[in-house]
Amino acid sequence: MSHQQVESLDTARIRAEYPILERAFDGTQLVYLDNAATTQTPDPVVDAMSDYYRQTNANVHRGIHHLSQEASVAYEEAHDRVADFIGADGREEVVFTKNTTESENLVAYAWGLEHLGPGDEVVLTEMEHHASLVTWQQIAARTGAEVRYIRVDETGRLDMDHARECITDDTAMVSVVHVSNTLGTVNPVAELADIAHDHGSLIFVDGAQAVPTRPVDVAAIDADFYAFSGHKMAGPTGIGVLYGKRHILEALQPYLYGGGMIEKVTFEDSTWAELPWKFEPGTPAIAEAVGLEAAVDYLEDIGMDRVQAHEEELAAYAYEQLAGEGDVDLYGPEPGPDRGGLVSFNLESVHAHDLASIMNDHVVAIRAGDHCTQPLHDKLGVAASARASFYVYNTREEVDRLLEGIESARELFS
Ligand code: 7TS
């Protein structure tokens with residue numbers, strides 16, 4: 001998709017729904033460029049949750065009284081809305097969790113402990129977030145399975161020849177990040193799904209940075225599992241999603257047990273509720289589910305193709321400005337169709353943490369650290385990097401504030 005084909009966003013109108021963006025520190029207005037960590041929450045989402053608490057609040061699971069009925073319907077319909085948004089085949093394929101990390105753990109424990117053993121391989125990539133890397137590493141160690149990593153090449157892309165070598169008939173699970181939160185790389189997940197399926201393996205896709213920033217169709221990818229978090233897509237914290245193909249979820253044993261997920265319980269044994277409730281024990285995050293639904297409405301009103309075009313345009317602008325400087329190391333592919341809306345970099349003379357601290361003096365919020373990709377940073381030969389990440393409310397002027405901050409860090413340390 002070329003950016004020219006997509007009508008640009010009315011950022012002034014969008015920003016009016018985010019009072020937090022009006023905040024100033026020591027008289028300087030905030031520039032928020034830490035969206036890959038958490039996006040800000042617009043009024044319609046806050047209002048939906050506030051209305052829920054003011055008017056509807058009750059426990060779900062179909063109590064007899066009016067409020068519980070209403071809360072149950074709202075909670076269930078939030079699943080339908082999310083299913084629709086990602087191309088899932090109904091609410092049965094959409095499990096609400098706490099976040100992407102819990103979605104990873106759910107599959108690793110429920111599926112991994114049951115199906116992995118000595119001789120099996122789990123294939124990850126060198127750019128996995130710790131949510132996937134640490135989880136599969138631990139479950140593999142407990143089951144005797146082995147972990148292999150698809151190489152990241154010098155351009156910041158997956159080495160697909162190496163992917164074809166790593167994924168074999170011994171592979172039981174491929175777990176791959178859709179959009180890297182450090183490199184910005186958009187991985188060919190549909191192609192990886194094909195390769196995995198050709199070898200009889202399942203594929204789990206970590207969509208934490210993808211669903212918030214681009215149209216995603218889990219069926220077109222042919223992902224077996226797909227995970228993301230509400231708080232990175234204009235929604236609330238405390239809610240995440242695990243998509244799973246219906247027949248796979250049906251065959252899976254529950255991960256957590258308790259009330260709300262059972263069909264029948266005797267002193268001897270229990271049977272499980274239908275999907276997706278089988279995987280949602282206890283009182284769930286009901287207001288957050290309502291907020292997530294409002295976030296989906298909000299993003300669809302804008303249009304995911306426009307969300308994508310807007311932040312890729314800002315990231316490309318930041319990338320190109322920084323690439324023009326001799327003392328900036330940039331990570332990940334050059335702006336293009338396989339690069340998302342974030343920029344990680346190092347200024348040669350300044351440690352990333354010092355840079356983030358100077359940026360904070362300029363009231364520009366960026367991230368510094370390993371972004372939960374320590375092995376990838378080891379491979380890049382750096383302990384940390386600075387990262388600016390963009391969302392629907394960011395502007396070119398804000399990128400300029402980032403560039404000014406970098407210039408002043410350069411002067412301070414030269
Ligand atoms: N996967 C990816 C690709 C991520 O970027 C993150 C969070 C997660 C999984 C975990 O998401 P959570 O909602 O369960 O925490 N990434 C970041 C980040 O880049 N900076 O802060 C959190």
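In the predicted model, the secondary structure of the chain amounts to 14 helices and 17 strands. The radius of gyration is 22 Å, close to the 22 Å that the globule rule gives for 414 residues, so the chain is as compact as a globular protein of that length. Measured out along the principal axes, the C-alpha trace extends over about 70 × 55 × 40 Å.

Burial and contact order were examined for the chain as a whole. Of its 414 residues, 56% count as buried, and among the contacts with a separation of 6 or more, 70% are accounted for by residues 24 or more positions apart. The surface that the chain exposes comes to about 17300 Å², of which carbon and sulfur atoms supply 46%. The chain carries 27 positive and 71 negative charges, and the mean positions of these two sets lie 2 Å apart.

The domain assignment divides the chain into domain 1, which is given as two segments, 3-32 and 304-413, and domain 2, which is given as residues 46-300. The centres of domain 1 and domain 2, taken over C-alpha atoms, are separated by 28 Å. Across the boundary between them, 31 residues of domain 1 are in contact with 29 residues of domain 2.

Two residues, both located in helices, illustrate local environments in the model. Pro375 belongs to helix α13, which covers residues 374-380, and this residue counts as partly exposed because its relative accessibility is 38%, a value that falls between the 20% under which a residue is buried and the 50% over which a residue is exposed. Leaving aside residues up to four places away in sequence, Pro375 touches His130 and Leu133. The C-alpha atom of Pro375 is also 7.9 Å from that of Met127, although these two residues are 248 residues apart along the chain.

Arg15 is placed in helix α1, which covers residues 11-15. With a relative accessible area of 15%, Arg15 lies under the 20% limit and is therefore buried. When residues up to four places away in sequence are again left out, the residues that Arg15 touches are Leu21, Gln29, Tyr393, Asn394, Thr395 and Glu398. Thus Arg15 of helix α1 is in contact with residues such as Tyr393 and Glu398, while Pro375 of helix α13 is in contact with His130 and Leu133.

Terms used: Residues numbered from 1 in each chain as written. Predicted model: local features only at pLDDT ≥ 70, side-chain atom pairs only at ≥ 80, totals over all residues. Heavy atoms only, no water. Helix = DSSP H or I, 4+ residues; strand = E, 2+ residues; numbered from the N terminus. Rg over C-alpha atoms; globule rule 2.2 N^0.38 Å. Buried < 20%, exposed > 50% of the residue type's maximum accessible area, 1.4 Å probe, protein only. Contact = heavy atoms within 4.5 Å. Areas by Shrake-Rupley, 256 points an atom, 1.4 Å probe, with all protein chains shown as cover. Lys, Arg positive; Asp, Glu negative; His and termini not counted. Charge placed at Lys NZ, Arg CZ, Asp CG, Glu CD. Domains from an automatic or database assignment.
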